[in-house]
Amino acid sequence: MFIMLFIVPAYLLGSLSFAVIVSRAFSLPDPRSHGSGNPGATNMLRTGRKSAAALTLFGDLAKGWLAVYLARHFGAQYEVETLATYSAAVAVFLGHLYPVFFGFKGGKGVATALGILLAISPWLGLATLLTWLIVFGLTRTSSLAALSAAALAPVYAGYLIGGTLPIFALTLISLLIFWRHRGNIRRLLTGEEGRVAKPSASRPK
């Protein structure tokens, strides 16, 4: 029961859906009611407010980082650092996916997962982010980049960190990302998934 002192706050922090919060602050439509219906930074871009999308991305990433950082810090004081860290990692991620404050309708968790990885190990986070950037640069498909990064994150963790609990926790998070992207996976298999167009080069005057 002691570990619940780390799990519950992490879940509640994860339940802060920044896409919804930022939308209300900017008097924008609820992101769950338009576009992809996903309360995340990508869907916020569809409103045309890049600042709102940037705030959403930062907020979702920051809460993942903060939850893990705090759990590691206080867990170390009670000699439960590893268990606290990875319990909080899963809890904050579940909070983002199923936020108690917003009817359990959350996002797909990519930004929050990155924040979690950066808090666990900056090298782990950067390796995963680099995977996303490479795949996105080659395919211009955000969902495929996210799925590729999610698939490789536990592999990187095994190499950089090791241990049963870290690999189990990050594998669980990766599987949840795949589950939340199941619609995208279907469209990828049928060739219907949308791509982000490359920015057109400006012509010299």
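Buried means under 20% relative accessible area, exposed means over 50%, and partly exposed covers what falls in between. That is handy to keep in mind here, since the model is predicted and much of what follows is about which side chains are covered. Take Arg187 as a warm-up: it has 34% relative accessibility, so it counts as partly exposed.

**Salt bridges**

Arg187 has a partner, Glu193, and their side chains meet in a salt bridge at 2.8 Å, N to O. Glu193 is buried, with a relative accessible area of 15%. How many salt bridges are there? The count comes to 3, and here they are side by side.

| Basic residue | Acidic residue | N to O distance |
|---|---|---|
| Lys63 | Asp60 | 3.5 Å |
| Arg72 | Glu81 | 3.6 Å |
| Arg187 | Glu193 | 2.8 Å |

Lys63 and Asp60 sit 3 residues apart in helix α4, so about one helical turn separates them. Buried or exposed, what is Lys63? Lys63 is buried, at 2% relative accessible area, and Asp60 is buried too, at 3%. Over at the Arg72 bridge, Arg72 is partly exposed at 27%, and Glu81 is partly exposed at 35%.

**Rings meeting rings**

A search of the whole structure turns up 4 aromatic pairs. In one of them, the ring centres of Phe2 and Phe6 are 5.8 Å apart with the planes at 80 degrees, so this pair is edge-to-face. Phe2 is partly exposed, with 38% relative accessible area, whereas Phe6 is buried, with 10%. Phe2 also pairs with Tyr78, again edge-to-face, at 5.5 Å centre to centre and 65 degrees between the planes. This pair links distant parts of the chain: Phe2 belongs to the segment before α1 (4–14), Tyr78 to the loop between α4 (50–77) and α5 (81–97), and the two are 76 residues apart. Tyr78 counts as exposed, at 51% relative accessibility. Put together, ring pairs join Phe2, Phe6 and Tyr78 into a cluster.

**Arginines over rings**

Two arginines are worth a look as well. Arg180 lies over the face of Tyr98, at 5.1 Å from the ring centre. Arg182 lies over the face of Trp179, at 3.9 Å from the ring centre.

**Helix α7, inside and out**

Now for helix α7, which spans residues 122–139 and holds Thr128. Thr128 counts as buried, at 7% relative accessibility. What does Thr128 touch, leaving aside neighbours within four places in sequence? Its contacts are Leu117, Ala149, Ala153 and Tyr156.

The same helix also has a part on the surface: a nonpolar patch of about 1,100 Å² is made by ten residues you can pick out in the viewer, including Trp123, Leu126, Ile134 and Tyr159. The elements giving two or more residues to this patch are α7 and α8 (142–160), and α7 gives the most, with 7 residues. Ile134 is found in α7 and is partly exposed, with a relative accessible area of 45%.

**Far from the patch**

Finally, Ile21 sits in helix α2 (residues 18–25) and counts as partly exposed, at 33% relative accessibility. Ile21 and Tyr159 are 138 residues apart in sequence and 37 Å apart in space, C-alpha to C-alpha. Not counting residues up to four places away in sequence, Ile21 touches Leu16 and Phe102.

Terms used
Residues are numbered from 1 along each chain as its sequence is written. This is a predicted model: local features need pLDDT of at least 70, side-chain atom pairs count only at pLDDT 80 or more; totals for chains, interfaces and linings use all residues. Side-chain values use heavy atoms; hydrogens and water are left out. Helices (H or I, at least four residues) and strands (E, at least two) are DSSP runs, numbered from the N terminus. Buried means under 20% relative accessible area, exposed over 50%, partly exposed in between (1.4 Å probe, protein chains only). Contact means heavy atoms within 4.5 Å. Rings of Phe, Tyr and Trp (its six-membered ring) pair if their centres lie within 6.5 Å; planes under 30 degrees apart count as stacked, over 60 as edge-to-face and the rest as tilted. A charge sits over a ring if NZ of Lys or CZ of Arg is within 6 Å of the ring centre and within 35 degrees of the ring normal. Patches are made of residues with over 30% relative accessible area and no salt bridge: like charges are joined within 9 Å, nonpolar side chains (Val, Leu, Ile, Met, Phe, Trp, Tyr) within 5 Å. Accessible areas come from the Shrake-Rupley method with a 1.4 Å probe; for residues, only the protein chains shown count as cover. A salt bridge is a side-chain nitrogen of Lys or Arg within 4 Å of a carboxyl oxygen of Asp or Glu.
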